[in-house]
Structures are given as C-alpha cells and as structure tokens.
Amino acid sequence: MRHGNKINNLGRKTAHRKAMLANMACSLIEHKRINTTVAKAKALKQFIEPLITKSKAENNQSAEKGTHNRRIVFSNLRNKYAVSELFGTVAEKVGDRPGGYTRIIKLGNRLGDNADMAMIELVDFNELYNADKPKKKSTRRSRRSKGGGGAAAPAAEVATAAKATDNESQAKADDSEE
C-alpha cells in the first residue's frame, strides 16, 4: 500500500531524481521553456515553484533573509548561474504574480515510445500569450479611490465643446446680419 506517499518517483532512486530535477530546473531557468514528458513536467512544477517564490521574497525582505533564501535555492539547484538568473530577471518578472509561475502545455506522444510529451515554460516570459492581456487588472477599490471622476470628465469636455460650437455659430450669425 502507498498511503500518504504522494511523491512521483519517476522510476528513479532519490539521488538520481533530485539531480535530474535540479538539472531540469536549471535548464528551465536558462531557456525559459523545455520539452519533457508530462510526468517529469508535473514533478518539475512542484520542484521549481517554491524556489521561484523564495527568489521573489528576497526583494521584499532584509538582506539576511535574502541571503538565506539564496542559499536554500542554491542547495536545491547547485548551479550559481541559474541562481543568479533566478534571483535577477525571473524574480523581477514574477514580482507581482501571486503564484502559478509555470505553465504545462501538452504536445502529444513521442514517436519512439509513445510517451506523453509536454512543454513546461515560465508564464511571464511567453510574449505570445501575454501580448493581448492587459498588464494590471483594475480592482473595485482602485476605481473607487480615484474619486469617481472617470466618467464625469469626458461628459464635461463634451459639454464645453458643445458650448464653444454654439458660441461660434451665434457669432457667425451676428456677423452675417450686419
């Protein structure tokens, strides 16, 4: 029985699995997307999302906490270039995202052994998906805090423009009478 055993072993021993996930995470950070099997992509998602959260939290905390988070991430990734990339560009891009930093897109089956293949990518680095979406969604609170002048201002401009055209037409009519 496998009660409470939630980890996907991927057919590997513990050390081999950790090394493989660390290498895949470094490749994902470096290339922003990689192709792999669906099972490995799901395992990688669980492996890398807490690391991205730790990198994002460094900017909001003191230097001691940032160093601690960087050391924890380095103990998992074991690649200083990937850690510097993660704490640099990746942390800046995902700074306002509350979670869900990766996306898994299923690609079909591999020709050799018919394994389910998938592409895993960092969400904020795909310009095709993010091009049509607005950067920041306005909330009800932010609309209220602006003072409610959003709809009144264009109406006032239209009324002013209408008065100006009426005054011009009256002036032309007076000139034509004289």
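This passage walks through the sheet, the nonpolar core and two individual residues of a predicted model.

The sheet is a good place to start. It is an open sheet of three strands, laid out in the order β1-β3-β2, with antiparallel pairing. That puts β1 and β2 (102–109) at the edges, where each pairs on one side only. Neighbouring strands don't line up perfectly: on average they are turned by 25° against each other, direction ignored. As general background, strands of a sheet pair through backbone hydrogen bonds, either parallel or antiparallel.

Now for the pairings themselves. Strand β1 covers residues 33–37, and five bridges join β1 to the antiparallel strand β3, residues 116–122. Two of the matched pairs can be picked out by name: R33 has E121 as its bridge partner in β3, while I34 is partnered with I120. On the other side, β2 and β3 run antiparallel too, and seven bridges hold that pairing. Here N109 sits opposite D116 of β3. These two strands, β2 and β3, make up a hairpin, with six residues between them. In the turn, N114 has a positive phi of about 65°.

How enclosed is β3 by the rest of the structure? Largely so, because six of its seven residues are buried.

The sheet also has a helix resting on it. Helix α1, residues 14–31, packs on the sheet and touches β1, β2 and β3. The direction of α1 makes about 145° with that of β1.

Next comes the nonpolar core. In soluble globular proteins, nonpolar side chains tend to be buried together. In this model, the largest nonpolar core has 30 residues, and those touching the most other members are L28, L44, F47, I52, V73, L77 and L86. Several elements chip in: α1, α2 (38–57), α3 (63–77), α4 (80–93) and β3 each supply at least two residues of this core. Which element gives the largest share of it? That would be α2, with eight residues. For a closer look at one core member, take F47: leaving aside neighbours within four places in sequence, F47 is in contact with L21, A22, A25, N76 and L77.

Two polar residues round out the picture, and they sit in rather unlike settings. The earlier one along the chain is N8, found in the segment before α1. Is N8 buried or partly exposed? N8 counts as partly exposed, because its relative accessible area is 40%. A polar atom of the N8 side chain lies 3.2 Å from the backbone nitrogen of L10. Not counting residues up to four places away in sequence, N8 touches R17 and A39. There is also a long-range link to mention: N8 and K42 are 34 residues apart along the chain, but 9.1 Å separates their C-alpha atoms.

The other residue is T37, which belongs to strand β1. T37 is buried, because its relative accessible area of 14% falls under the 20% cut-off. The side chain of T37 reaches the backbone nitrogen of K40 at 3.3 Å. Setting aside neighbours within four places in sequence, T37 is in contact with R110, A115, D116, M117 and A118. One of these contacts, D116, has already come up as the residue opposite N109 in the pairing of β2 with β3.

Methods: Residues are numbered from 1 along each chain as its sequence is written. This is a predicted model: local features need pLDDT of at least 70, side-chain atom pairs count only at pLDDT 80 or more; totals for chains, interfaces and linings use all residues. Side-chain values use heavy atoms; hydrogens and water are left out. Helices (H or I, at least four residues) and strands (E, at least two) are DSSP runs, numbered from the N terminus. Buried means under 20% relative accessible area, exposed over 50%, partly exposed in between (1.4 Å probe, protein chains only). A polar contact is a pair of N or O atoms within 3.5 Å; within protein, one must be able to donate a hydrogen and the other to accept it, and residues adjacent in sequence count only if both atoms are side-chain atoms. Contact means heavy atoms within 4.5 Å. Two strands pair if DSSP finds at least two bridges between them. Axes are lines fitted to C-alpha atoms, for helices over the stretch in contact, and angles run from 0 to 180 degrees between N-to-C directions. A nonpolar core is a set of buried Ala, Val, Leu, Ile, Met, Phe, Trp, Tyr and Cys residues joined through side-chain atoms within 4.5 Å.
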